[in-house]
Amino acid sequence: MAAEGPETPGSPGDGTAEGGEVGGLGADAAAGPDPDVLPKPASNGAPKPDEEAAPAQGCNGVGMEPSAPLPRPEPAKEEAPQPPAPEVATHMALNPPVEEVSITYPLDFERYWRAAQENPLDFTAWTELLQYVEQENHIYAARKAFDSFFMRYPYCYGYWKKYADMERRFDFIKETEEVFQRGLQSIPLSMDLWIHYISFLQTTLDMNHPDSAQKISGTFESAVAAAGVDFRSDKLWELYVEWLKEQGELKAVTAVYDRVLTMPTQLYSHHWEKFKEHMASHSPRDICSTEELLWLQSKLTSEAGTKTAEAEAEEAPPGEDMPLKVEAKMEAGDGSHVLGHLDPDKLRELAISVRQPIFAQNEAEVSKRWNFEEGIKRPYFHVKPLERAQLRNWRDYLDFEMANGSHERTIVLFERCVIACALYEEFWIKYTRYLEHHSVSGARNVFQRACCYHLPRKPNIHLLWAAFEEKQGEVEEARRILKSFEDSVPGLAMVRLRRVSLERRLGNMEMAETLLMEAIRDNEGMPVSSFYSVKLARQVLKVQKNLIKARKILLEALEKDPDNAKLYANLLEMEFSADVRQNEGSTMSSFDRALMSGLPLETKIIFSQRRVEFLEDFGSSINSLLTSYDEHQKLLNQQVMRKRLLENGSADEGEEKRMRLEEAGGGNMAVATTGITPLMAAEVGSGTTGAYNYNTWYQNYSNYGYQNAWNYNQYYQQT
C-alpha cells in the first residue's frame, strides 16, 4: 500500500524521538492498564516496592511536576521484589522522592530544565535535557529529568531503559529494579523492556541462592502473561524456553510450547518446528507429564486392543484367559511400571499428531491477522503524526478483533494501539466505549490514563469522562473533572456549558445560573459574552418560567452589544413564546428596538417583514398593521434604489455612490450580508415565518479554540 500523508493528532509537540523509540509511563496509579482487563498470570504476583513520599500531583495538566529524588549513595544489598505482574498493572508506580535543596546540579542543567518546563509539549526540549544529563553522568539531575519526562511521555520504553542503565552504572541495584518496575507498570506490553529487565536479573542475582531461579521463572511468567498474547512476542517465548532448558526443566518446556502453540504470533510456524525438534530430541518420559503419558498409553492400547479384537475370536481358546483390558493393566502396577513398556516412537508420533489440529487452528487465526499486522509500520510511541493508512489499519484491525477475537486479545490489541496512537483521541474513546460493556473500573482507568497523561488538553475526551462518571453516579467526580479541565484550559464554551447542564440536571439551578453569569462577566466586551447571555436568558425562561428576568438579561446584553443581530432575534423569539394577546406591546417594542438600531439595511428588512407578519397574524390594531406595512415598503424601496445605483452607475461614479450610500447608513453589500442576514434570509426565501436557524448563531464560535465545533443544532431544532 502506498504511503499516504500523515494525519496529525492535533498538537503533539515538536521534535522527534531519539533512536526512533519512544514510550513509557509516569508515577501515578493511573499510568498503567487496569488489572481487570489485562491478561493475568497464573502465579508469582510481585510484591509492591517500598513506597516513598509522593509529591502532590493532579490531573488535566494541573500540579504534575515531580520533584527530584533524595540522594541514595549506597547500593541495595537486599533482593529486589519480583517484577510487576498484570494483576498489579495499575498499582502505585514508585513516586519520585522529595527534592533535597543541597544537591548541586551541572552548570547548564537549569537552562535545559527551564526550556522543557516552559513548553512541556516540545518533545525536542525534553530529549535535549535527557541527553545532557546522560552526558554529564549526574545521577540526581538524571532522576529529576527522567521522572519529570515520564510524567508527560510515559510510553517511551527506550528512555526507561536508559534510566535503568544509568542507575546501574552507579551500582544502585535496588533503584535500577525500581525503575524497571515503574516502566513495566507503565508499558507492560514492551517486549524489549521485559527482556532488558530479565537480563538484568540474570546478571545481578546470585544463582546459588535457591530463590534466584524461582524469581527469574516468575518474572518470565509475568512477562508472557502480560505480553505473550502480542503478535510480536516470539522473542520473549523463545527466551523463556531457553531458560527452562538451561534449568533442565524439560517438562516445563513442553508446557510452554503447549501455550505458545495456541497464540497467533508472527513466528507460529517456527515454534511448531521447535516443538517437534524438542519431542524428537528427548524421551517422551522426560518431557511429557505423567498425565499425558497415561493418556497416550490409553490411546495406543485402545487402538491396539481394537485391532486385536477384530482379528481374534470373541472367546479365548480352551484353557487360556482373555488378555487384560487397559484398565486392568494400569491396575496391575504403578504408573512407572506401566510406562516402562511404551514405544517411544509411537508416543512421539501420537503426541505430535494430537497437537496438529491445534497448530492448524492457530495457523488459520494468524492468516486472518497477517495483513493487519503487516500494516503496522510504527508499533511504538512517537510524537510525529501517523500516516492515514496506518490509522485506517488500526481502525480496521480493532473492528475485526472486537467482532471475531476473544476479549483478552481485543484488550491487548487496544493496549498496543494506544501506545502507537497515544495522541489520537478517537482510539482512546473507542477503547473506553468497548470497556464500558465489560468493566467499569477498566473504562475509568483508560479515561484516567488518556486525560491525565496523554491528552491533558483535549476537551472531547474530558467531556466523555465526566459524562461517564455522571452515568455511574459519581457526580462529584464529574464535577471535579470539568472544573479541573476548565482551570487548565480556560475559555472553552463547550466545557462551561457542560458544567451548567450538569448542575441543572442535579437541580442546582442557582449554581447553573451563577456559572453563566461568571462567563458573561469574564468575557465582557467579547462576542461570546452575548452568547452566554442568550444561554442564560433561555434557561431562565424555559426552566424558571421567568419572562421578565429573561427579558432583562437580553436587554442588558443589548446595551453592551447593540449591533448584535442575534440578540434581537433571540429577544423576539422569547417574546413570541409568551401569550401574544398580553405580550403584544413588548413584542412590538422589540421590533422597534431592532429597526432603530445600527443594523444593516438587509437585516432591518427581515425584521420589518417579521413585524408585518406578526401584526397580520396576531395584531389588535389595523392602524399599526398599515403603518408597519408602509415602513416596510420604504425599506424595500431604499434597497431597490441602492441596487440600481450600484448596477447602472459608471465605473468612475461607482465608488463615489457607494461612499454616499454608506454615509447614509446603508452600508455596503458585503457588510449588509453579514450578521443576521443568513439567519433570516433562508426564512424569507422559503416562505417560512416562525423558524430561526440557530445553527448560524453557533457556527462562528468554532474560532474560540474548540477541538471540534459543538453541534448545537442537535439541541435547537428548526420548527
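**Helix packing and loops, in questions**

Q: At what angle do α25 and α26 pack?
A: The model is predicted, so local features need pLDDT of at least 70 and side-chain atom pairs count only at pLDDT 80 or more, while totals for chains, interfaces and linings use all residues. Residues are numbered from 1 along each chain as its sequence is written, and side-chain values use heavy atoms, without hydrogens or water. The axes of α25 and α26 (lines fitted to C-alpha atoms, for helices over the stretch in contact, with angles from 0 to 180 degrees between N-to-C directions) are 10 Å apart. The two helices pack at an angle of about 165°.

Q: Are α25 and α26 roughly parallel or roughly antiparallel?
A: Their packing angle is about 165°. Under 35 degrees counts as roughly parallel, over 145 as roughly antiparallel, 65 to 115 as roughly perpendicular and the rest as oblique. That angle therefore makes α25 and α26 roughly antiparallel.

Q: Which residues of α26 does α25 meet?
A: Contact here means heavy atoms within 4.5 Å. From α25 come Leu 547, Ala 550, Arg 551, Leu 554, Leu 555, Ala 557 and Leu 558. Their partners in α26 are Leu 567, Tyr 568, Asn 570, Leu 571, Met 574 and Glu 575.

Q: How do α24 and α26 run, roughly parallel or roughly antiparallel?
A: The axis of α24 comes within 11 Å of the axis of α26, which spans residues 565–576. The two axes cross at roughly 5°. So α24 and α26 are roughly parallel.

Q: Which residues of α24 meet α26?
A: On the α26 side, the contact involves Leu 567, Asn 570, Glu 573 and Met 574. Leu 567, Asn 570 and Met 574 also appear among the residues that meet α25. Facing α26 from α24 are Ser 530, Val 534, Arg 538 and Leu 541.

Q: Which loop residue after α24 has a positive phi, although it is not glycine?
A: The loop in question joins α24 (527–542) to α25 (547–560). The residue has phi near 60°. At 66% relative accessibility it counts as exposed (over 50%; under 20% is buried, and partly exposed is in between, with a 1.4 Å probe and protein chains only). It is Lys 545.

Q: Is Asp 171 exposed or partly exposed?
A: Asp 171 sits in the loop between α4 (157–169) and α5 (173–186). Its phi is near 65°, a positive value in a residue other than glycine. Because its relative accessibility is 41%, Asp 171 counts as partly exposed.

Q: At what angle do the axes of α18 and α20 cross?
A: Helix α18 covers residues 425–436 and helix α20 covers residues 459–471. Glu 425, Trp 428, Ile 429, Arg 433 and Glu 436 in α18 meet Pro 459, Asn 460, Ile 461, Leu 464, Phe 468 and Lys 471 in α20. The two helices are roughly parallel. Their axes come within 10 Å and cross at roughly 15°.

Q: What separates the C-alpha atoms of Ala 255 and Cys 288?
A: Ala 255 belongs to helix α9, residues 250–260, and with a relative accessible area of 39% it is partly exposed. Along the chain, Ala 255 and Cys 288 are 33 residues apart. In space, their C-alpha atoms are separated by 8.5 Å.

Q: How many helices does the protein have?
A: Of its 719 residues, 49% count as buried. Among contacts between residues at least 6 apart in sequence, 70% join residues at least 24 apart. Secondary structure follows DSSP runs, numbered from the N terminus: helices are H or I, at least four residues, and strands are E, at least two. Alongside 2 strands, the protein has 33 helices.
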